[in-house]
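Good morning, colleagues. Thank you for making time for this short presentation; please turn to the display.

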Amino acid sequence: MPTALQGIPAVVLLLAATILEVSGDAVVRTAIYNHVGLARVGFFLTGAALLLGYGTLLNLAPLEFGQVVGLYLATLFVVWQVVNFVAFRTLPTLPILLGGSLVIAGGAIITFWRPG
């Protein structure tokens, strides 16, 4: 891990990665549906940079890959709903909230349950 990132807690790296991924996806979606020409290219490049940042930070988190995935998925669901509301003004429906609570519970089990 790069020296500058060694003191950052894993959960902070995961949260930052999640924010970058969801934001990158939102920017790419905006490029596809709301822009043309050079503006679209600019949005695509911005989205690509955000998604590259996500992949980098996620893999820098000092956790085993299986643990990263569990915590990341739970965090991803929450951040996705926040960005979905901020960027697209869409509130989660009851099925999304119920399914999301299962995602969060599953992520917690994967991350924190120590068998044995």
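I shall go from the chain as a whole to its helices, and then to individual residues.

Please keep in mind that this is a predicted model. The protein chain has 116 residues. Its secondary structure amounts to four helices and zero strands, and in sequence order the pattern reads α-α-α-α. Along the principal axes, the C-alpha atoms fill a box of roughly 55 × 45 × 15 Å.

Two surface figures describe the chain. Its accessible surface is about 7,300 Å², and carbon and sulfur atoms account for 74% of that. Buried residues make up 30% of the chain. As to contacts, if we take those between residues at least 6 apart in sequence, 72% join residues at least 24 apart.

Let me begin the helices with H1, which covers residues 10–34. I select Thr 30 from this helix. Is Thr 30 buried or exposed? Its relative accessible area is 18%, so Thr 30 is buried. Setting aside neighbours within four places in sequence, Thr 30 is in contact with His 35, Phe 43 and Phe 88.

Helix H2 runs over residues 37–60 and allows a check of its geometry. What span should its 24 residues have at 1.5 Å a residue? The expected value is 34 Å, because the calculation takes 1.5 Å times one less than the number of residues. The end C-alpha atoms of H2 are 35 Å apart, which agrees with that expectation. The buried residues in H2 are Gly 47, Gly 53, Leu 57, Leu 58 and Leu 60.

Helix H3, residues 65–88, will occupy us for longer. I take Thr 75 of this helix as the starting point. Thr 75 has 17% relative accessibility and therefore counts as buried. Its side chain reaches the backbone oxygen of Leu 71 at 2.8 Å. When neighbours within four places in sequence are left aside, Thr 75 is in contact with Leu 15 and Thr 18. Both of those numbers fall within the range of H1, residues 10–34.

Further along H3 we come to Gln 81. Gln 81 counts as buried because its relative accessibility is 15%, and the cut-off is under 20%. With neighbours within four places again left aside, the contacts of Gln 81 are Pro 92 and Ile 96. How far apart are Gln 81 and Ile 96 in sequence and in space? They are 15 residues apart in sequence, and their C-alpha atoms are 9.2 Å apart in space.

H3 also has a part in the surface. Which residues make the nonpolar surface patch of about 530 Å²? They are Val 78, Val 82, Phe 85, Val 86, Leu 91 and Ile 104. H3 gives the most to this patch, with four residues.

Two members of the patch deserve individual mention. Val 82, in helix H3, has a relative accessible area of 48% and is therefore partly exposed. Phe 85 also lies in H3, and its relative accessibility of 37% means that it counts as partly exposed. Not counting residues up to four places away in sequence, Phe 85 touches Thr 90 and Leu 91. Of these two, Leu 91 is itself listed in the patch.

We now leave H3 for the loop between H3 and H4, where Arg 89 is placed. What is noteworthy about the phi of Arg 89? It is near 55°, a positive value in a residue other than glycine. For context, most residues other than glycine have a negative phi. Arg 89 has 61% relative accessibility and so counts as exposed.

The final residue is Trp 113, in the segment after helix H4, which spans 94–112. Trp 113 is exposed, because its relative accessible area is 60% and the threshold is over 50%. Trp 113 and Glu 64 are 49 residues apart in sequence, while their C-alpha atoms are 14 Å apart in space.

To conclude, I would ask you to retain three points from this predicted model. The chain follows the pattern α-α-α-α. H3 holds buried Thr 75 and buried Gln 81, and it gives the most to the nonpolar patch. Lastly, Arg 89, in the loop between H3 and H4, has a positive phi. Thank you for your attention.

Terms used. Residues numbered from 1 in each chain as written. Predicted model: local features only at pLDDT ≥ 70, side-chain atom pairs only at ≥ 80, totals over all residues. Heavy atoms only, no water. Helix = DSSP H or I, 4+ residues; strand = E, 2+ residues; numbered from the N terminus. Buried < 20%, exposed > 50% of the residue type's maximum accessible area, 1.4 Å probe, protein only. Polar contact = N/O pair within 3.5 Å; in protein donor to acceptor, adjacent residues only side chain to side chain. Contact = heavy atoms within 4.5 Å. Patch = residues over 30% accessible without salt bridge, like charges linked within 9 Å, V, L, I, M, F, W, Y side chains within 5 Å. Areas by Shrake-Rupley, 256 points an atom, 1.4 Å probe, with all protein chains shown as cover. Salt bridge = Lys/Arg side-chain N within 4 Å of Asp/Glu carboxyl O.
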